[in-house]
Amino acid sequence: MKKSALQKARATYQPKLPIALTGPVKAVAGKPTQSVANQEEIKALFPTTYGLPEIHFEKNTAPTIGKPVNVGVILSGGQAPGGHNVISGLFDGIKKIHRDSRLFGFIMGPGGLVAHKYIELTAPIIDEYRNTGGFDIIGSGRTKLENKDQFDKGLQILKELNISAVVIIGGDDSNTNAAVLAEYYKANNCGVQVIGCPKTIDGDLKNDLIETSFGFDTATKVYSEMIGNIERDCNSAKKYWHFMKLMGRSASHIALECALQTQPNVCIISEEVEAKNMTLQQIVNQIADVVAARAAEGNNFGTVLVPEGLIEFIPAMKALIAEINDLLAAKADEFAAVDKDSKRQWVIDHLSPEHAATYASLPAGVALQLSLDRDPHGNVQVSLIETEKLLSEMVGKRLDQMKAEGAYNGKFSPQHHFFGYEGRCAAPSNFDADYCYALGFNAACLINAGVTGYMSSVRNLVKPAVQWQAGGIPITMMMNMERRNGEMKPVIQKALVRLDGAPFEKFASQRDDWALNTCYVYPGPIQYFGPAEVCDQPSLTLQYEHKSK
Ligand code: FBP
């Protein structure tokens, strides 16, 4: 396969490891743990994997000789930069345990385990993918592993290949599945360990012990480069308002990080919208007020960042979506049989009057999207909803009103962008290349320690990689009970933007200045070679969070 000059240069990059993982490793167990909420329910659902202790790794002065181990690996959910380095770290880690260890990759996500589709990942294959973006080494998928048949089908192939550990690289839903699978295999003495790795560009799989999910750093740097480029174009032509939707289907971490990096005129944070119980019209009015204030200074241009998941955080919309979710879960077959043109009316006819009115008031395209295409975890596919267009259309109407009232006298020409898929397969930044490699290598150490139901954890991430701390966190510790597809289920609690957190506070303290004045910052493209302050800075979110500790 033809390679670019950068690919060739990056292929030789040796990711850094925390010092504890550079030689023989010893696992040290901490105190027993509790789930973040609903302790009794979670304990009852995970009788053999609940309450396990945290683990951290130290250098081992009395190493033992390891045995060969066969390991399976699965990439699950949306792509995130660095996935290939998790796999190469895992490969190098199990080879370090014993050179006869073998790694098998299940094809196209968890579905590959159930359908017995796999390849053996040998050294030449791994070498092709070191430090590259994408998940194409084995592909990814969103199949939900949730029932006994799937677990048993998976076990057949694991036994056939003599695999005694599976590593699932995924987001909150996939790691929830990892915990369920770990419990099932342990409770039934199947002899298969299950380890999770925290992946998602959305940055919403984090807590005190998992500081960030991988991919967030690179994806936000890619989006910030593009936002900066647009800001510069916008400030040159001075004639457009750019509405940019950013991926992140629930939490607004991506939008917030990009705002901190680029200082746009407006950035909506969904969690604030929800906390302030705002309506869609209030959000629109807020943007229109900024447009009018800038126009009064002769600036008929600007930039607005919109988080992808906004719709679901507007309280009236959230209640509407929850009712649609329950309705579709209960009447899936009936809904599927309705023809496309009649689906909107079918939904209106089956909703409570209050929600039917909100639903009917939405533009047809948005309304239809809310009722179509749930992913296998029951999530609305917010990346398909054109919130940036919805907002700019409504802002335009509001400005017309303001003009009629004499409160606005300017020009409003909107442009629309959606930055999502552009960032998910970028070549990992130095931070993600190192972090991912360490997560994978660390997963091998967890396997060697004989544990199951743990997530690979690498911490102290604002320090140089050698000072990072490695270990494992019981996945049940991150769980609570939430309503999914109309039923209460144990799931990993999503980390939303905290309005009392340092990154949001920093943003909130500066946004009025950014709104009126033009304070754009142009981060430029990710750099891999050069001074550390240009190449190795972790995200601002991570830096502000650490400073506040
Ligand atoms: P994960 O949570 O699986 O990491 O995926 C996140 C994400 O990139 C969201 O930001 C986005 O809404 C979604 O995936 C898009 O999914 P798809 O790739 O299926 O279109």
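**Exercise 1.** In which sense do strands β2 and β13 of this predicted model pair, and over how many bridges?

*Solution.* Step 1: find the two strands. Strand β2 covers residues 53-59, and strand β13 covers residues 469-474. Step 2: read the sense. β2 and β13 pair in the antiparallel sense, over two bridges. Step 3: pick out a bridge. Ile55 has Gly472 in β13 as its bridge partner.

**Exercise 2.** Place β2 and β13 in their sheet, and explain why one side of β1 and β5 is left without a neighbour in the sheet.

*Solution.* Step 1: recall how sheets are held. Strands of a sheet pair through backbone hydrogen bonds, either parallel or antiparallel. Step 2: write the order. Nine strands form an open sheet, β1-β2-β13-β12-β7-β6-β3-β4-β5, and its pairing is mixed. Step 3: look at the edges. β1 (25-32) and β5 (118-120) each have a single partner strand, so one side of each has no neighbour in the sheet. Step 4: add the twist. On average, neighbouring strands of this sheet are turned by 25 degrees against each other, direction ignored.

**Exercise 3.** Which strands of this sheet do helices α7 and α20 meet?

*Solution.* Step 1: take α7, residues 172-187. Helix α7 packs on the sheet and touches β6 (165-170), β7 (193-198) and β12 (454-459). Its direction makes about 170 degrees with that of β7. Step 2: take α20. Helix α20 lies across β1, β2, β3 (70-75), β6, β7, β12 and β13. It runs at about 135 degrees to β12.

**Exercise 4.** Describe the four-strand sheet and the helix α11 that packs on it.

*Solution.* Step 1: write the order. The open sheet runs β9-β10-β8-β11, with parallel pairing. Step 2: name the edges. β9 (266-267) and β11 (414-419) each pair on one side only. Step 3: check one pair. β8 (residues 241-246) and β10 (residues 302-307) pair over six bridges in the parallel sense. Leu246 stands opposite Pro307 in β10. Step 4: add the helix. Helix α11 (residues 280-296) touches β8, β9 and β10, and its direction makes about 150 degrees with that of β8.

**Exercise 5.** Which residues touch the most other members of the largest nonpolar core, and which helix gives the most to this core?

*Solution.* Step 1: list the residues. The core has 80 residues; Ile87, Leu90, Leu103, Val167 and Tyr223 touch the most other members. Step 2: name the helix. α20 (residues 430-448) gives the most, with twelve residues. Step 3: look for another core. Apart from this core lies one of 50 residues, including Val284, Leu327, Val338 and Leu391. Step 4: follow Tyr223. Beyond four places away in sequence, its contacts include Ile201, Leu246, Phe419 and Arg424.

Technical notes: Residues numbered from 1 in each chain as written. Predicted model: local features only at pLDDT ≥ 70, side-chain atom pairs only at ≥ 80, totals over all residues. Heavy atoms only, no water. Core = buried A, V, L, I, M, F, W, Y, C linked by side-chain atoms within 4.5 Å. Buried < 20%, exposed > 50% of the residue type's maximum accessible area, 1.4 Å probe, protein only. Contact = heavy atoms within 4.5 Å. Pairing = 2+ DSSP bridges. Axes fitted to C-alpha atoms, helices over the stretch in contact; angles between N-to-C directions.
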